[in-house]
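Visitor: I'm new to this, so could you walk me through it?
Guide: Happily! Let's have a look together.

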Amino acid sequence: MSDLTKLTIAQARDAMRKGDTTSAEITAACLTAIEGAEALGAFVHHTPEIATAQAKAADARIKAGDAPAMCGIPLGIKDLFCTKGVPSQAASRILEGFRPEYESTVTTQLFDAGAVMLGKLNMDEFAMGSSNETSAYGNAVNPWKVDDRALTPGGSSGGSASAVAADLCLAATGTDTGGSIRQPAAFTGITGLKPTYGRVSRWGIVAFASSLDQAGPMTKDVRDCAIMLQAMCGHDPKDSTSADLPVPDFEAALTGDIKGKTIGIPKEYRMDGMPDEIEKLWADGTAMLKDAGAKIVDISLPHTKYALPAYYVIAPAEASSNLARYDGVRFGHRAKLAQGDGITEMYEKTRAEGFGAEVQRRVMVGTYVLSAGFYDAYYNRARKVRALIKRDFDQVFADGVDAILTPATPSAAFGLGEMTDADPIQMYLNDVFTVTVNLAGLPGIAVPTGIDKQGLPLGLQLIGRPWEEGDLLNTAYALEQAAGFVAKPSKWW
């Protein structure tokens, strides 16, 4: 078969079972594509030997008739996932040289299902960023271009988004703390799903903000999201937040029939200064769902306006606690000390050298809001706002809404370097449509539905009821079918 790297997971699965191709052939094609796309900066650690061995084993399973849906599928793994014996440094200098002696639950389940690891993918340092420019490896690049400008693939899962959009892998893992799957998916014209908090184990994933982090699939279409999620999720006793719930057949839920479903349009998401293209995209998506048989209703989520400030108190506070473990003692980078330096100087110099500017900023903010005299004024107040945001969603769903449609991002992908020298708040505003989903612990999916006047992809977001990923995926599938988005980026590297 030609163009093996362009296959979806579903297409590759079916082709391998028919004998039209093999995992070894698809994997080799992906490894060749990766070698020719170094300028994208998507892959930061290459594992061709592991990939070749896993592909060979997958082909044997397929031939024996013992092959789950993900068997033989070549994936990229975000550098936030611990992979045994393979560098796993969360794109941070402070974890240089760290090769875990254990495997994350997500990658364990994917590999047990026969998936193939091509390598580790670029990301913002410790998943803190919206443009992939905080990475210790240097930024990844969006394979879409405008006037030869290098564009961001989004963040923090920028390497994952870039690799999938450029057909370097058939799919990739991502993590989403405030939009880090959905925003880069929208920027690169792919599909990205953030599951319900607790649906996918966090064990073995380097923590950013533990009450917000959630892993999910980044794929070429909605069906692939359903297939990959099936393999990723399930109860994990090693993660105290993992839900002990049965895993539905998500692919079987993709009927495309949404007749009688109620879709809410939240008035609070109509932000001042929203570009006309985003307004039109949202209106077009609403019309598509209505034409597919859904009932459209206006809804109110009144505490949405407080979501971004609440998020940027809670997330840094949890990051300050989680990142305290990186001190130069047990693993990773340790600063060289001058004569007379003691343990305090080692901590200070190691953390100053090991953490990038954005991580340092968030750790300092988080430490401040947790400090005596400010804990109640900032952190506790943000937690109360979070509870009100969740209550808004609970009320809407109790009133009969099945899913909520919003923009995924406030714009198309912006140029690399355009926001790095600006007020950090301008970068944080990229999360304005996505952070509410994490604060409320809900599932959300970004679906590519159009292009802007520059020819760049734009995505819409669907937010679903907790634990109802099957219904959410089916609604996204109906939107995907109606939109018919098939544009692909020009390979310019």
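Guide: Just after helix 12, G400 takes a positive phi of about 105 degrees; helices here are DSSP runs of H or I with at least four residues, numbered from the N terminus, while strands are runs of E with at least two. This is a predicted model, in which local features need pLDDT of at least 70, side-chain atom pairs count only at pLDDT 80 or more, and totals for chains, interfaces and linings use all residues. Residues are numbered from 1 along each chain as its sequence is written, and side-chain values use heavy atoms, leaving out hydrogens and water.

Visitor: How do you know that the span of helix 12 agrees with its 24 residues?
Guide: The expected span is 1.5 Å times one less than the number of residues. For residues 375-398 that gives 34 Å, and the end C-alpha atoms are 33 Å apart, so the two agree.

Visitor: What makes you say that helix 12 bends, and where?
Guide: A bend is the angle between axes fitted to the seven residues ending at a residue and the seven starting there. At R381 that angle is about 25 degrees.

Visitor: Which residues of helix 12 are called buried?
Guide: Buried means under 20% relative accessible area, with exposed over 50% and partly exposed in between (1.4 Å probe, protein chains only). Among those in helix 12 that count as buried are Y379, V385, I389 and F393.

Visitor: What do the buried residues of helix 12 pack against?
Guide: Their partners include strand 8 (295-299), helix 9 (307-322) and strand 11 (457-464), where contact means heavy atoms within 4.5 Å.
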